[in-house]
Amino acid sequence: MMRYFKWGIARLILEPDVCPDIVPMWIEGNEQIMHESRSWPRFVPRVNKRCGIWFGENVAGGGGGGGTAGGAGRYTVFDELRRKWRELVEDDERKEGRSFAMGVLSDGLKYGQEAVELREECTRQVRRAVLAVRRKRGLPDEDPKEGLVETWRLEGGGGKREGKMEDGSWVKEA
């Protein structure tokens, strides 16, 4: 089961001047090596366990910065999301009468409905790319609601932030 993706991933994609490469990957078996419920010595990985990592194709392209992120004329959904983000930033800077340093966001860019929806769509697109790698691995599709933050609020941990949740998942904040 894969949780929803947090907005930090969207910020890493939307905010830089050049679109980064986005290579989706599926990691399987890491819970066998470093499960959240392991006991002392907690910091030592468990040996003789199997773990696999599968990589997809770069879904954002070459990151060349000139026009399309996809390189060689390939236009991706991330190009459109980044264009919309730049428009939001420019509008916000005009309203505020100043430019923002990289990584600094106004309240409008943090909490405004359009900005929030844009970050949510970006994380959904990244998650879809990861699920495509999962599917190539031969695993069945998961319940679509698993990727929604609302699902985790309702079914997750009943207000708990870390540990074993009511739905059986394990959460450890990084």
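The following exercises, each with a worked solution, concern a predicted model.

Residues are numbered from 1 along each chain as its sequence is written, and side-chain values use heavy atoms, with hydrogens and water left out. Because the model is predicted, local features need pLDDT of at least 70 and side-chain atom pairs count only at pLDDT 80 or more, whereas totals for chains, interfaces and linings use all residues.

**Exercise 1. Cysteines**

Determine how many disulfides the structure holds, and describe the state of Cys19 and Cys122.

Solution.
- Step 1. A disulfide is a pair of cysteine sulfur atoms within 2.5 Å. A search of the whole structure under this criterion returns zero disulfides.
- Step 2. For Cys19, the nearest cysteine sulfur belongs to Cys122 and is 8.4 Å away. Cys122 is likewise in no disulfide.
- Step 3. Relative accessible area is classed as buried under 20%, exposed over 50% and partly exposed in between (1.4 Å probe, protein chains only). Cys19 counts as buried because its relative accessibility is 5%. Cys122 is buried, as its relative accessible area is 0%.

**Exercise 2. Nonpolar cores**

Identify the residues that touch the most other members of the largest nonpolar core, and the elements that supply at least two of its residues.

Solution.
- Step 1. A nonpolar core is a set of buried Ala, Val, Leu, Ile, Met, Phe, Trp, Tyr and Cys residues joined through side-chain atoms within 4.5 Å. The largest such core has 17 residues, and Leu14, Phe78, Trp85 and Cys122 touch the most other members.
- Step 2. Helices (H or I, at least four residues) and strands (E, at least two) are DSSP runs numbered from the N terminus. Helix H1 (7-14), helix H3 (77-96) and H5 each supply at least two residues of this core. The largest share, five residues, is that of H3.
- Step 3. Contact means heavy atoms within 4.5 Å. Residues up to four places away in sequence aside, Leu14 touches Leu81, Arg82, Trp85, Leu118, Arg119 and Cys122.
- Step 4. A second, separate core has five residues, among them Met2, Trp26, Leu131 and Val133.

**Exercise 3. Thr123**

State where Thr123 is placed, and whether it is buried or exposed.

Solution.
- Step 1. Thr123 belongs to helix H5 (residues 113-136).
- Step 2. Thr123 counts as buried because its relative accessibility is 7%.
- Step 3. With neighbours within four places in sequence set aside, Thr123 is in contact with Phe5, Lys6, Trp7, Ile9 and Ala10.

**Exercise 4. Salt bridges**

Count the salt bridges, and analyse those of Arg94 and Glu121.

Solution.
- Step 1. Side chains of opposite charge can pair when their charged atoms come close. A salt bridge is a side-chain nitrogen of Lys or Arg within 4 Å of a carboxyl oxygen of Asp or Glu. The count by this rule is eight.
- Step 2. Arg94 pairs with Asp91, with the closest N and O atoms 2.4 Å apart. Both residues lie in helix H3, three residues apart, about one turn of the helix. Arg94 counts as exposed because its relative accessibility is 58%, while Asp91 is partly exposed at 34%.
- Step 3. Glu121 forms a salt bridge with Arg124, the closest N and O atoms being 3.0 Å apart. Because Arg124 and Glu121 are three residues apart in helix H5, about one helical turn separates them.
- Step 4. Glu121 also meets Arg128 in a salt bridge (3.8 Å, N to O). Glu121 is partly exposed at 22% relative accessible area, and Arg128 counts as partly exposed at 44% relative accessibility.
- Step 5. A network of salt bridges links Glu80, Arg83 and Glu87.
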